Amino acid sequence: MATRALPIELDRAAPRKRKKIHWLPYMLALPVIAYELLFIIYPIYKAIAMSFTKQVALGKPATWVGLDNYRWMLTNDGFWETTRVTFVYMVLVIVVAIGFGLGAALVLNRQFVGRTAARATMTLPWAFPDVATVLVFIWMLNPNFGVVNRFALWMPGVSKMQTWLLDPQWAMVWVVLVTAWKGFPFYSLVILAALQTVSPDLLDAARVDGANKFQTFWTVTLPAISPTLLLLTVLAAIFSFKQFTIIWLLTGGGPSGATETIVIQVYQTAFRFHNFPRASTLGVAGFVMAFTIALFFLALQRRQEREMG
């Protein structure tokens with residue numbers, strides 16, 4: 001049976017209208033882009049460019065030296081010691097600050113009289129300026145009349161006033177504690193918000209199965225808030241890596257470099273020894289380290305999300 005050919009219809013549709021571009025979103029984003037370019041991208045570019053130069057004296061033009069500053073940095077024992085101190089400080093701040101924040105969040109997540117007032121009071125350390133906070137702790141740690149020494153004398157084996165910030169063994173401890181005290185309210189509030197999203201049905205199911213409080217926290221609560229804890233670890237690592245004010249005002253990087261982080265070394269190299277190219281080199285190294293740490297934790301977070309999803 002012969003089939004009848006169908007006529008081919010030509011597409012006589014009208015030409016498409018050109019899509020109208022809405023400029024308002026671009027105009028709203030323009031100030032943010034300009035800020036990023038002017039105050040972030042351009043300074044990073046200038047620091048990288050300056051790290052390949054050498055300045056003979058202030059006021060004289062810099063000369064190109066290639067990788068000489070990086071060779072100096074990698075063969076300088078002081079740089080590696082500062083890197084070690086930086087990572088020790090960062091790890092201790094992460095553990096103490098997030099640990100305190102988690103403990104405070106678990107307490108404030110429970111029902112008790114005065115919980116609202118306790119939550120408001122807990123945010124005070126975060127609201128205090130860094131300078132005021134450090135001055136208060138300097139007075140508390142004063143070897144002559146500081147309140148910390150008064151309490152320390154009650155402890156067995158302590159018979160004299162301690163010079164806390166002049167002792168290499170104690171200086172790092174107090175720098176970490178002051179940094180953690182200043183920042184833990186932020187971590188606590190974020191963790192508290194995450195705790196309130198944990199399903200009550202899962203908690204009730206764990207209790208019905210006979211799990212105690214610790215088992216319920218370990219098997220239900222902690223996995224539920226682990227993405228938040230990982231994100232806070234990234235933030236704590238970045239905040240501690242670039243911390244300057246607290247360390248500088250408490251110890252100035254001393255005693256004997258016991259609390260000298262990379263940020264402190266950059267400041268000393270630039271404004272004490274007036275060697276801005278080498279300070280830029282140290283700054284580039286610190287930037288690469290912080291960026292690598294952030295990428296590592298973000299990769300862990302993405303992997304965790306894939307496993308949970």
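Q: What makes up the lining of the largest pocket, by residue type?
A: The lining of the largest pocket holds six nonpolar, five polar and three charged residues. The model is predicted. Arg counts as charged and Leu as nonpolar, while Asn and Thr fall among the polar residues. The pocket is lined by 14 residues, and those nearest its centre are Asn-109, Arg-110, Leu-203, Arg-207 and Thr-221. Helix H9 (200-208) and helix H10 (213-241) are the elements that give two or more residues to this lining. H10 supplies the largest share, four residues. The volume of the pocket is about 510 Å³.

Q: Why is the pair of Phe-79 and Trp-80 called edge-to-face?
A: The ring centres of Phe-79 and Trp-80 are 5.1 Å apart, with 70 degrees between the planes. Centres within 6.5 Å make a pair and planes over 60 degrees apart make it edge-to-face, so both conditions are met.

Q: Which of the classes buried, partly exposed and exposed does Phe-79 belong to, and which does Trp-80 belong to?
A: Phe-79 has 2% relative accessibility and is therefore buried, the cut-off being under 20%. Trp-80, at 45%, is partly exposed, because this class lies between 20% and 50%.

Q: How do you know that Phe-137 and Trp-181 form an aromatic pair, and of what kind?
A: Their centres are 5.4 Å apart and their planes are at 70 degrees. The distance is within 6.5 Å and the angle over 60 degrees, so the pair is edge-to-face.

Q: What makes this a link between distant parts of the chain?
A: Phe-137 sits in helix H6 (residues 130-140) and Trp-181 in helix H8 (residues 168-195), 44 residues apart. Phe-137 has a relative accessible area of 12% and so counts as buried, whereas Trp-181 has 30% and is partly exposed.

Q: How many aromatic pairs are there by this rule, and which residues form one aromatic cluster?
A: The count is 23 aromatic pairs. Phe-244, Trp-248, Tyr-267, Phe-271 and Phe-276 form one cluster.

Q: What is the peptide bond between Gly-254 and Pro-255, cis or trans?
A: Omega is about -5 degrees, and the bond is cis. Most peptide bonds are trans. Pro-255 lies in the loop between helix H11 (245-250) and helix H12 (262-272).

Q: What is notable about phi of Ser-256?
A: Phi of Ser-256 is near 55 degrees, which is positive in a residue other than glycine. Most residues other than glycine have a negative phi. Ser-256 is also in the loop between H11 and H12. Its relative accessible area is 80%, so Ser-256 is exposed, the cut-off being over 50%.

Q: Where does His-274 lie, and what sign does its phi have?
A: His-274 is in the loop between H12 and helix H13 (276-308). Phi of His-274 is positive, about 55 degrees, although the residue is not a glycine. With a relative accessible area of 44%, His-274 counts as partly exposed.

Q: How does the radius of gyration of the chain stand against that of a compact globule?
A: The chain has 28 Å, whereas a compact globule of 309 residues would be near 19 Å. The C-alpha trace spans about 115 × 75 × 35 Å along its principal axes. The chain contains 13 helices and two strands, and buried residues are 35% of the 309.

Note on methods:
Residues numbered from 1 in each chain as written. Predicted model: local features only at pLDDT ≥ 70, side-chain atom pairs only at ≥ 80, totals over all residues. Heavy atoms only, no water. 1 Å grid on protein atoms, 1.4 Å probe; cavity = no way out; pocket = protein on both sides within 12 Å on 5 of 7 lines; lining within 4 Å. Points joined across faces, edges and corners; volume = space filled by probe spheres on them. Phe/Tyr/Trp six-rings, centres within 6.5 Å; stacked < 30°, edge-to-face > 60°. Buried < 20%, exposed > 50% of the residue type's maximum accessible area, 1.4 Å probe, protein only. Rg over C-alpha atoms; globule rule 2.2 N^0.38 Å.
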